[in-house]
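This report describes the architecture of a two-chain model. Please keep the sequence and the structure in view while reading.

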Amino acid sequence: MIRDVPSEWIERAAQASGLEAELSRRGFLKLSVCALSGLALLGLGDAFGANAPLVILDNAKGVILADPTRCVGCQRCELACTEFNDGRAQPSLSRIKIARAVNFGPGGPTGGDAMHGDWGDGLIVQGVCRQCPHPVPCATACPQNAIKDDPQTGARVVDPAACVGCRLCQRACPWDMLSFDEQAGVATKCFLCHGRPKCVEACPAAALRYVPWRDLTRDGGMLRSGLSAPSPENAKACLDCHVPAGKTAVK
Amino acid sequence: MAASRGGFAGKVLRVDLSTGKIGVQDTIERYEAVLGGAGLGYRVLWDEVPAGTGPFDAANKLVFAAGALVGTSVPCNGRTTITTIFPTCWPRPLVGSGHMGGHFAAKLKYAGYDALIVEGKADRPVWLMIRDAKVEIRDAGHLWGSGIRRTTLELSQEMGPDCVVAAIGQAGESQAPMGMVINSVSHSAGGVGGVMGAKNLKAVAVQGSGAVRIAGDKAEWEKLVKFHLSILGANNQHVVPSFPTPQAEYYNPASRWVGQPGRRWGAAKPPVELTGDIHDLSRIVYRTNSAAFFLGEEAWKYTVRGNGCTACPIRCHTMLRVPSVTVKYGIPDMAQNTCIALQFGRMFFKGLMAGKGGEAAIEACMVGMHLADDMGVWSNYGQLQRDLRKLYEGGYLKARLGSKEYASIPWDKYDRNDPAFLLDLVPRIANRQGELGDVLSRGTGAIFDTWSIPESDWADDHSTTYWKMGHPKHHANEDDGQCGVIINTQYNRDAQCHSHTNFVRNGLPLAVQKKLATDIWGSPDALDAPGDYTPANPYKARRAKWSLMRKELHDALGVCNWMGPWVASPRWERGYAGDDSLESKFLSLATGRPMDREELDRAGERIFTLHRALTIRDMGQVDMRAGHDTVPPWVFEDAKGAAPFTKGTIRMDRADIGRAMDFFYEAMGWDTATGAPGKARYAALGLADVGEGLAAAGLVPQDGK
């Protein structure tokens, strides 16, 4: 909802709030994103108009929390996700990911004692979208700015009208949580079902909960290193805050 | 238009291992009348496998079939029915199906196939790779000789971690009739492993990324799925808990709903306590613990979690971790299974059954699961274990086995109830090593043939629970009087029907059951309490017919007959009623083609009748009543001499069972003298070609009814 806010007004807003003495664009990243949200509510974005896209998304309001010790690998969550939202049963489309972990766990068929899943120690490590805080890898990587925050839940959602199906978001997610709808030719991801996640309701083991958002991106390891290649336009916006080494921060 | 139909994947995959030819056919066009699963399997055998074909002949076909509801979120789907000329059927092989759960069926659907038909025989060991539209026959030379565990690991390394592998072990490779195929650790189909082995097919590995489309309104679908969840009980659709609780009006100690608040999955890390409302739909998985039900309270502490098939919230495959077995027996400390397969190991030992043996009983279960589910040895519903006990304890082995072989078997361990005995015995069976291993690997019929033991030695002895044709009873008169007897006469292996027992054993008081029975089968007399039987009547026969039709339907749709049908529920506000039309409602919404209960039940009857026709054709005789639908003598006896129809005995009366069969044949529209359908009956069910084929061979009743 605050995507098109130019970086310029951040400074202006900061000046108005008396923070300008301390504020560099780099330093701004340390500010609570709540402040941004507040600014957006004030309608300041509209007042300043738009130029370069702002790649900072407001934090989501909620997130799905998964407890591997309760998961029984039935995949009812995956099926609820795709049947009740898309009218088809298709785990490969699901925005919660169980099938890939059922047999051997996230590490795959390595053998050895560390193997999870049905063939390992039994633990099913669910794949859930963390609804990442800034920088949101999938949104940042999207050259079409097709991944936005949902006004209701703050979930990072793919706008199918804007998505061109380049799959860069899939490569960007460190947890491999983007799905691709081959039928529609667009990416799709967890959109928290507008605040009533079908997967949570479908879990027969109470292994999933929908809870107030917190930053889960630092919990545990990543599944892989995401390949994030922001579009030149986005990269330019990033440089508003992330000042190249040796350059002076904007005051 | 066929192409717009939901539910079905739309294609059937055919692989000829002799020629390497791989092709597809349209499911709806060719097999719609028989739905899928067992129906499709029977149709393929009828159309393509000539009478007299042996199970291990290249001309035999192996049909792995899912169903229209497989891969969806319909609770308790996920079943694969594998139909073939069944090798343990004695004295001659006849049509039969093995059934497996796990994740194979759903994956096959996501890959785009309702069924896989394997034909011919490869000239060297191969495995079949299915990755969506890409299908290849690959060399399995490096896997031959390996167990199912290693085979699965290596094929998963080649295919990717989320593929599903259905593989045979050493038993299947050695063409043991008692060989199994297994997918997803422990989900087995008995009897068909050797058929795979005879085709040189080590495994089928499937990867599927596609969808099963729900043609109907998705909100309606969601509502129906949630309704189904609301009428689920625990394993085998037991709808009352086994423990008294203020949360439920009734309880029944025999119920498999054992998940009492306060129990815990003790081997989870950290343990998971069972809390909250037992009816909470977000806690369905905690109701069932097969290990605790079968092995006793101490199993809770070894429970890691429940496991099971795709989309099933029941999780009857309890996963256990028993650390001691690694040190003692050199086997993995993890195993999982349900019912008989869970008890594969301990059932060999009389001293470890019926709550005896404590920890040793659980260890024997672990050793048994490890060996059976890796080498792929089937129990034939526990007949293998009862056979060994009778052979040993009855002195048959000492008299018949060569003294050298007899002495080589560690009977001292057996006598001590030492699970290590299994480490010697099970590989003998899997590898068909020695006379004992070979005979046991061929099933109960081989015992009679090889050692000239009359079948009556088994059929007269209730302790064997032997029924007929090389197979045991499966929920017969001990559960359901005449209804159970009728059902057990109908198949060529053990009757895999649970429709009847899931109702009579659901835990509700008899008065409530009788009220429900009146609504469903037209009379409260359609059932008795187990062990308190009244004489036969047409309503019991009607319920037997309904049970068989639903069993075949479930096997055709890919839903679990170990759970369904769902005609009772835990919901007092519904008067504990379930829904007799659930299957047709689901199928109608999934496919987009409305089909009411009567029409779908007719499809079930068509499928069951096709099974009957195949049996008649391959036996080459029309008189099923005398030649096939037999009842073992033990059913008509009681150890204490109690008379039939007295409370406390399961003894049946011979003349009364005769009347029960009359009622059943009449309900089926079959000739009561022979128990065979006439031409008109075949035609009425859309099987005119089948009726004509049998008539031409003189295999319909004389009066042509």
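The sections below treat the overall fold, the contact between the chains, and selected local features.

## Chain A and the nature of the model

The structure is a predicted model, not an experimental one. Chain A comprises 251 residues, of which 47% are buried. Its secondary structure amounts to 10 helices and 7 strands.

Contacts in chain A extend over long stretches of sequence. Of the contacts between residues at least 6 apart, 70% join residues at least 24 apart.

## The interface between chains A and B

The interface brings 41 residues of chain B into contact with 33 residues of chain A. On the chain B side, at least two residues each are supplied by α4 (148–159), β13 (212–213), α7 (218–230) and β16 (303–307). The largest share, 4 residues, belongs to β16(B). By character, the residues on the side of chain B that touches chain A comprise 20 nonpolar, 13 polar and 8 charged.

Strand pairing also takes place across this boundary. Strand β2 of chain A, residues 88–89, is joined to β13(B) by 2 bridges, and the two strands run antiparallel. Within this pairing, A:Ala89 lies opposite B:Val212.

## A buried strand in chain B

Strand β9 of chain B spans residues 164–168, and 5 of its 5 residues are buried; the strand is therefore largely enclosed by the rest of the structure. In a regular strand, side chains alternate between the two faces of the sheet. In β9(B), B:Val164, B:Ala166 and B:Ile168 point one way, while B:Val165 and B:Ala167 point the other way, and all of these residues are buried.

Two strands of chain B pair with β9(B). Strand β12, residues 201–207, is antiparallel to β9(B) and connected to it by 4 bridges; here B:Ala166 has B:Val204 as its bridge partner. Strand β10, residues 180–183, is also antiparallel to β9(B), with 3 bridges between them. In that pairing, B:Ile168 is partnered by B:Val181.

## Helix α18 of chain B

Which residues of helix α18 in chain B are buried? Within this helix, which covers residues 444–451, they are B:Thr444, B:Gly445 and B:Ile447. These residues lie on the same side of α18(B), because they cover an arc of only 160° around the axis.

The buried residues of α18(B) pack against four elements of chain B: α12 (383–393), α17 (434–441), α19 (456–459) and β19 (466–468). Just after the helix, B:Ser452 adopts a positive phi of about 50°.

## Packing of helices α2 and α25 in chain B

Two packed helices are described by the angle between their axes and the distance between the axes. For α2 (residues 37–48) and α25 (residues 597–619) of chain B, the axes come within 9 Å and cross at roughly 35°. The crossing of α2(B) with α25(B) is left-handed.

From α2(B), the contact involves B:Ala38, B:Gly39, B:Tyr42, B:Arg43, B:Leu45 and B:Trp46; from α25(B), it involves B:Ile607, B:Leu610, B:His611, B:Ala613 and B:Leu614. The residues of this contact divide into 8 nonpolar, 2 polar and 1 charged.

## Cis peptide bonds

In chain A, the peptide bond joining A:His134 and A:Pro135 is cis, with omega about 0°. A:Pro135 occupies the loop between α6 (99–102) and α7 (137–141) of chain A.

In chain B, a cis peptide bond leads from B:Lys269 to B:Pro270, and its omega is near -5°. The loop that holds B:Pro270 lies between β14 (264–265) and β15 (272–273) of chain B.

## Positive phi at buried loop residues

A:Gln75 is not a glycine, yet its phi is positive, at about 70°. This residue is located in the loop between β1 (62–66) and α5 (76–86) of chain A. A:Gln75 counts as buried because it has 29 C-beta neighbours inside 10 Å, against a threshold of 20 or more.

In chain B, B:Asn380, a residue other than glycine, has a positive phi near 55°. B:Asn380 belongs to the loop between α11 (359–375) and α12 of chain B. With 24 other C-beta atoms within 10 Å, B:Asn380 is buried.

Key: Residues are numbered from 1 along each chain as its sequence is written. Chains are lettered from A and ligands numbered from 1 in the order in which they are written. This is a predicted model: local features need pLDDT of at least 70, side-chain atom pairs count only at pLDDT 80 or more; totals for chains, interfaces and linings use all residues. A residue is buried if 20 or more other C-beta atoms lie within 10 Å of its own, exposed if 12 or fewer, and partly exposed in between; C-beta atoms are placed from the backbone. Two residues are in contact if their C-beta atoms, placed from the backbone, lie within 7 Å. Ala, Val, Leu, Ile, Met, Phe, Trp, Tyr, Cys and Pro count as nonpolar, Asp, Glu, Lys and Arg as charged, and the others, Gly among them, as polar. Two strands pair if DSSP finds at least two bridges between them. The arc is that of the directions from the helix axis to the C-beta atoms. Axes are lines fitted to C-alpha atoms, for helices over the stretch in contact, and angles run from 0 to 180 degrees between N-to-C directions. A crossing is left-handed if the near helix is turned anticlockwise from the far one by less than a right angle, and right-handed if clockwise.
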